[in-house]
Amino acid sequence: MRLRSTLHLRLIAGAMALLLPWAGSAAADGLVYVLNSGDATIQVLDASTRQERSRIPVLREVHHLALTPDGSTLLVGDSGANEMLFINPATGELLKREALSNPYHLGFSPDGGTLTITSLRRGQVDVYRWDGSKLRLAKRLDLPGMPSHLAYGPDNKVVYVTLQGSGTVVAISLDTLEPLWTTEVGPEPAGIIWHKGRLLVAIMGSDHVAVLDPATHTVERRISVGRGAHAVFPAPDGKLLYVTSRVDSRITLLDPETLTITRSLSVPGGPDCVTFDAQGRLWVTLRWKGRIGIIDPATGAMETQRVGRSPHGILFATTPPAASAATN
């Protein structure tokens with residue numbers, strides 16, 4: 001009887017592993033932050049159980065976020081309320097709120113000394129200096145054309161900003177704090193990253209990624225990935241690039257060396273922003289469904305979790321052992 005019971009348990013475990021794609025894998029400790037722009041909340045999920053730990057109310061509309069260079073603080077922009085929220089990423093504790101003009105997209109420079117913030121509605125780009133604890137506004141640039149996403153060059157000398165309304169990319173010197181050049185890339189450019197000496201720009205008003213040479217200010221090629229191409233996300237191990245397309249509801253995988261398409265995943269619900277956990281899985285906001293998707297990149301299998309309305313930005317924050325023990 002004992003042998004039969006043991007065999008029976010093994011068969012059940014095997015069946016469960018088939019039904020649950022990651023049942024046999026160790027769950028990563030951490031918190032997942034989901035910015036529900038339609039609900040005016042920041043949702044904090046336990047990454048292991050996907051249960052809600054807390055929900056931080058905001059005044060109007062949160063869209064994007066960024067970790068400080070030392071990883072100690074999470075900055076979340078409430079663009080509609082003109083304020084920045086500072087959060088302990090390990091615990092979900094709201095540390096402070098600071099008045100700040102219409103923060104939409106934001107990101108720190110590679111050397112950690114500069115924070116650039118775009119204002120989609122007000123047509124401005126603000127460049128702040130960061131000393132590790134405080135922000136100091138260095139320059140506000142008036143840039144009509146709906147400043148959207150941003151990326152830095154690796155030498156910390158230039159920040160590149162997409163202008164959705166004018167279909168262009170503008171390069172801004174971080175030394176003089178003045179525009180260097182502007183070039184057309186396609187209708188409604190959104191996400192932008194620096195990649196191997198080129199800028200990859202997702203063209204949301206079309207179906208492709210534009211490959212822009214910053215030296216010549218010209219688009220060298222276009223990679224068709226699906227309508228509503230929104231943003232490009234490098235895998236943590238550098239082996240793939242992931243492009244979300246909100247209209248065609250897909251994620252396209254690109255080879256980082258050749259920029260050729262290796263695979264396309266159907267992701268219903270309007271995939272938008274992506275973050276990665278310690279296992280390399282993608283946590284994706286599904287903008288039109290009020291859910292997030294958790295995708296195994298090896299198989300393409302996806303599970304979903306209900307969150308708030310119109311989820312946009314998302315971040316997986318690994319919980320340090322001390323903080324994990326303190327919150328359990």
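Ile294 is fully tucked away: its relative accessible area is 0%, so the residue counts as buried (under 20% relative accessible area, with exposed meaning over 50% and partly exposed in between, for a 1.4 Å probe and protein chains only). The model is a predicted one, in which local features need pLDDT of at least 70 and side-chain atom pairs count only at pLDDT 80 or more, while totals for chains, interfaces and linings use all residues. Residues are numbered from 1 along each chain as its sequence is written, and side-chain values use heavy atoms, with hydrogens and water left out.

Ile294 belongs to strand E26 (strands, E, of at least two residues and helices, H or I, of at least four are DSSP runs, numbered from the N terminus). Its C-alpha sits 9.8 Å from that of Thr275, a residue 19 places away in sequence. E26, spanning 291-295, is also one of the strands that supply at least two residues each to the largest nonpolar core. That core has 25 residues, and Val32, Ile251, Leu282, Trp283 and Ile292 have the most contacts inside it. A nonpolar core here is a set of buried Ala, Val, Leu, Ile, Met, Phe, Trp, Tyr and Cys residues joined through side-chain atoms within 4.5 Å. Other strands that supply at least two residues include E1 (30-36), E22 (250-254) and E28 (311-318), but E25 gives the most, with four.

Val32 is in contact (heavy atoms within 4.5 Å) with Gln43, Val44, Leu45, Ala47, Trp283, Ile314, Leu315 and Phe316, once neighbours within four places in sequence are set aside. Apart from the largest core lies another one, of 16 residues, with Val44, Val58, Leu74 and Val76 among them.

Next comes the empty space. The largest pocket has a volume of about 1,100 Å³. On a 1 Å grid over the protein atoms alone, a pocket is an open set of points with protein on both sides within 12 Å along at least five of seven lines, whereas a cavity is a set where a 1.4 Å probe fits but cannot get out; lining residues have an atom within 4 Å of a point. Grid points are joined across faces, edges and corners, and the volume is the space filled by probe spheres set on the points. The pocket is lined by 32 residues, of which His105, Leu106, Gly107, Leu150 and Ile193 lie nearest its centre. Strands giving two or more residues to this lining include E8 (105-108), E12 (147-152) and E16 (189-195). By class, the lining has 22 nonpolar, 10 polar and no charged residues (Ala, Val, Leu, Ile, Met, Phe, Trp, Tyr, Cys and Pro count as nonpolar, Asp, Glu, Lys and Arg as charged, and the others, Gly among them, as polar).

His195 lies in E16 and is buried, at 12% relative accessible area. Beyond residues up to four places away in sequence, His195 touches Leu200, Leu241, Pro256 and Leu259. A polar side-chain atom of His195 lies 2.7 Å from the backbone oxygen of Pro256.

Ser173, in strand E14 (residues 168-173), is buried too, with a relative accessible area of 7%. The Ser173 side chain reaches the backbone nitrogen of Thr176 at 3.1 Å. In the loop between E14 and strand E15 (179-184), Leu177 has a positive phi near 60° despite not being glycine.

How values were computed:
Polar contact = N/O pair within 3.5 Å; in protein donor to acceptor, adjacent residues only side chain to side chain.
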